[in-house]
Amino acid sequence: MRYKKTAAFLLAGAVAASLVLGGCGSTINSDAIVATCGDQEISLGYLNFVAHYNQAIYDYMIGTYSGTDYWTSELYYDDNGDSMETSVKNAIMEEVETDCLLEQHMPDYGVEITAEETEEMQTAAEDFMAENTKEGIKAMGATEEYVQEMLYYETVKARMQEAIEADVGNDLDPEDYKQRTFSYVQVSLNGYYDEDGSYVEYTDEEVVGLEVDAQLFAESAKEDFDQAVEDYGGTIYTYSYGEDEAGEDEGGFCEAVIEEADKMHVGDVAGPIEGDGYLYIIRLDSEDDEEATEAAVETAEGEVKTEYYNEVVDGYMEDSDFSYDESLWEKVKFTDLFDVTYSDEDEAVEE
């Protein structure tokens, strides 16, 4: 999966305030050239900012419950044996390479950044610098130039992806993605949480009682599904699926339910159908749900476009002359954590 930066947070008005929990970190030479891509040189100062900006997002998302050392703790090592700090920094460097390569290929697709877009980036960068705390600015190594540069590359990437994906036609046959839709109520046989928040498993006797209740509900639902739900209580959910429905272990719906739904006609009710820890009562609502089919086609087209875009970028990467100085990049450390605060309007609150 290709790593994605979180510049959207910046555009939404994210502001990070530094909360120092460790040492002061390494002093870096911001003007040092840490990476090259063709004739393009990338400063350590810019990459230091990109790294710590992304660190701030991670600290906001998971730092509150992962402790103060999750960046280097063995508990968070990836499958390659790398710390989370190393893994994220590797991903950032790969993304920077992708950014540079996409910029180099802009002429291939006639992509240009307009003066209006440049002005918007400058305004966003000014706002970011004005709204951040001084501590946050210093901890991230942020400058208006660096912020605008990151926004520039995000814009290039978005425009290039749009242009590259335009080469893929929208010629999928809706018939291949035709969706059936059913409503369902599910009864859990696994257990429940009591008033103290403790998980309690059902006894064998309780499970039998639930099975009997589900059978009575199903009989009533065959007369009037909606009324039965109102009488017995519960929540009605809907689900749409096609011929290529994935198995339950791959994120799809319970196979036993899908098998039963395939036999049904509109208005038919079936159940209780036993799944993995659940009983299902279902009603088939449509054998050809046009709205769901349209959504499935759009999803499939998006997947085709994304796959094509990734193939093109991978081709750029194969011919890339990108290189970077590992010893300089090693100086960028996630030693101190960030404390990121937002107001109700998704604007940061200065601490």
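**A buried asparagine, a one-faced helix and an open sheet**

N48 is buried, with a relative accessible area of 10%. This value, like the others reported here, comes from a predicted model. The residue sits in helix α2, which covers residues 44-63. Once the neighbours within four places in sequence are set aside, the contacts of N48 are I28, M140, G141 and V332. With burial defined as under 20% relative accessible area, the 10% of N48 places this residue among the buried ones.

It helps to set this residue against the protein as a whole. The protein contains 11 helices and 11 strands, and 42% of its 351 residues are buried. Of the contacts with a separation of 6 or more, 71% join residues 24 or more positions apart. The accessible surface amounts to about 19,700 Å², and carbon and sulfur atoms contribute 44% of this area.

Helix α4 offers a clear view of how burial is arranged along a single element. This helix runs over residues 115-131, a stretch of 17 residues, and spans 24 Å from its first C-alpha to its last, close to the 24 Å expected at 1.5 Å a residue. Its buried residues are E117, M121, A124, A125 and F128. Viewed down the axis of α4, these buried residues fall within an arc of 100 degrees, so they line one face of the helix. A115, E116, E119 and A130 are exposed on the other side of α4.

Attention now turns to the strands. An open sheet is formed by 4 strands in the order β7-β4-β9-β8, with antiparallel pairing. At its edges lie β7 (237-241) and β8 (269-274), each of which pairs on one side only. On average, and with direction ignored, neighbouring strands of this sheet are turned by 30 degrees against each other. In general, the strands of a sheet pair through backbone hydrogen bonds, in either a parallel or an antiparallel manner. Here, the edge strand β8 and strand β9, residues 278-286, are paired in the antiparallel sense over 4 bridges. Following one residue across this pairing, V269 has R283 in β9 as its bridge partner.

A helix accompanies these strands. Helix α7, made of residues 204-221, packs on the sheet and touches β4 (180-188), β8 and β9. The direction of α7 makes about 15 degrees with that of β9.

Conventions:
Residues are numbered from 1 along each chain as its sequence is written. This is a predicted model: local features need pLDDT of at least 70, side-chain atom pairs count only at pLDDT 80 or more; totals for chains, interfaces and linings use all residues. Side-chain values use heavy atoms; hydrogens and water are left out. Helices (H or I, at least four residues) and strands (E, at least two) are DSSP runs, numbered from the N terminus. The expected span of a helix is 1.5 Å times one less than its number of residues. Buried means under 20% relative accessible area, exposed over 50%, partly exposed in between (1.4 Å probe, protein chains only). The arc is that of the directions from the helix axis to the C-beta atoms. Two strands pair if DSSP finds at least two bridges between them. Axes are lines fitted to C-alpha atoms, for helices over the stretch in contact, and angles run from 0 to 180 degrees between N-to-C directions. Contact means heavy atoms within 4.5 Å. Accessible areas come from the Shrake-Rupley method with a 1.4 Å probe; for residues, only the protein chains shown count as cover.
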